[in-house]
Amino acid sequence: MKGKIELQGMKFHAYHGVLPQETRVGGEFVVDLSFSMSHLRSLQTDNLTDTISYAEVYELIKTEMAVPSQLLEHVAGRISVALKTHFPELSGLKLKISKLCPPLRGEVQSASVILED
């Protein structure tokens, strides 16, 4: 049996961007993540060791979001590598990182990068 885990709407204040104000003042970001697991022993065992801990996933993302990058693509790549390294059993990764109110010449709610594996 295959299952999917989603963590939606993770909010972070981070310092990603190419403009000096973005790296100095920072901005608001939202991260959405979903991934599949091919074996779900936790369905029978009710044991955290038989699944992927949401708390560990969140902490990995939080750690990577704290490292400034110029490009959202770079941040997404680092998060993807960290997740796959720490949890080799996950597959079907979909990661979306949105920068709220990006500094563009117009009103834009967010700019996003989406990685799918």
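Select R78 and E64 to begin, and show their side chains: in this predicted model, R78 forms a salt bridge with E64, and their closest N and O atoms are 2.4 Å apart. Because R78 belongs to helix 4 and E64 to helix 3, this pair ties together parts that are 14 residues apart in sequence. With the surface switched on, R78 counts as buried at 16% relative accessibility, and E64 counts as buried as well, at 17%; the cut-off for that word is under 20% relative accessible area. Keep R78 selected and display its surroundings, leaving aside residues up to four places away in sequence: R78 then touches H16, E64, V67 and S69.

**Along helix 4**

Next, select residues 72-86, which make up helix 4. At 1.5 Å a residue, these 15 residues should span 21 Å, and a distance drawn between the end C-alpha atoms gives 21 Å, which agrees. Which residues of helix 4 are buried? Colour L72, V75, A76, R78, I79, S80, A82 and L83, for these are the buried residues of the helix. When reading their spacing, it helps to recall that an α-helix has 3.6 residues a turn, so residues three or four places apart point the same way. Now bring in the neighbours: the buried residues of helix 4 pack against strand 2 (27-37), helix 3 (54-65), strand 3 (90-100) and strand 4 (110-116).

**From helix 4 to the end of the chain**

Stay with helix 4 and move to K84, whose side chain meets that of D117 in a salt bridge with an N to O distance of 2.8 Å. K84 lies in helix 4 and D117 in the segment after strand 4, so this pair ties together parts that are 33 residues apart in sequence. On the surface view, K84 counts as partly exposed, at 33% relative accessibility, whereas D117, at 56%, counts as exposed.

**Strand 3 and helix 1**

Then select K99 and E22, where the two side chains meet in a salt bridge of 2.3 Å, N to O. K99 lies in strand 3 and E22 in helix 1, so the parts that this pair ties together are 77 residues apart in sequence. Is K99 buried or exposed? K99 is buried, with a relative accessible area of 10%, and E22 also counts as buried, at 9% relative accessibility. With this pair the tour of the salt bridges is complete, the count being three. As background to such pairs, side chains of opposite charge can pair when their charged atoms come close.

**A nonpolar patch on the surface**

Turn to the surface itself and select V18, L19 and L71, which make a nonpolar patch of about 260 Å². V18 sits in the loop between strand 1 (3-14) and helix 1 (20-24), and with a relative accessible area of 54% this residue is exposed. For the surface of the whole chain, about 7200 Å² is exposed, of which carbon and sulfur atoms supply 54%.

**Helix 3 and a long distance**

Select A55, which lies in helix 3 and is exposed, with a relative accessible area of 53%. Draw a distance from its C-alpha atom to that of G26: the two residues are 29 apart in sequence and 25 Å apart in space.

**Stepping back to the whole chain**

Clear the selection and show the cartoon, in which the chain has four helices and four strands, running from the N terminus in the order β-α-β-α-α-α-β-β. Taken along the principal axes, the C-alpha atoms fill a box of roughly 55 × 25 × 20 Å. If you colour by burial, buried residues make up 40% of the 117 residues in the chain. If you list contacts between residues at least 6 apart in sequence, 59% of them join residues at least 24 apart.

As a last view, colour by pLDDT: the chain averages 92, and 97% of the residues score at least 70. Which elements have the lowest and the highest mean pLDDT? The lowest mean, 75, belongs to helix 2 (residues 42-45), and the highest, 98, belongs to helix 4.

Technical notes:
Residues are numbered from 1 along each chain as its sequence is written. This is a predicted model: local features need pLDDT of at least 70, side-chain atom pairs count only at pLDDT 80 or more; totals for chains, interfaces and linings use all residues. Side-chain values use heavy atoms; hydrogens and water are left out. Helices (H or I, at least four residues) and strands (E, at least two) are DSSP runs, numbered from the N terminus. The expected span of a helix is 1.5 Å times one less than its number of residues. Buried means under 20% relative accessible area, exposed over 50%, partly exposed in between (1.4 Å probe, protein chains only). Contact means heavy atoms within 4.5 Å. Patches are made of residues with over 30% relative accessible area and no salt bridge: like charges are joined within 9 Å, nonpolar side chains (Val, Leu, Ile, Met, Phe, Trp, Tyr) within 5 Å. Accessible areas come from the Shrake-Rupley method with a 1.4 Å probe; for residues, only the protein chains shown count as cover. A salt bridge is a side-chain nitrogen of Lys or Arg within 4 Å of a carboxyl oxygen of Asp or Glu. pLDDT is the predictor's confidence in each residue, from 0 to 100.
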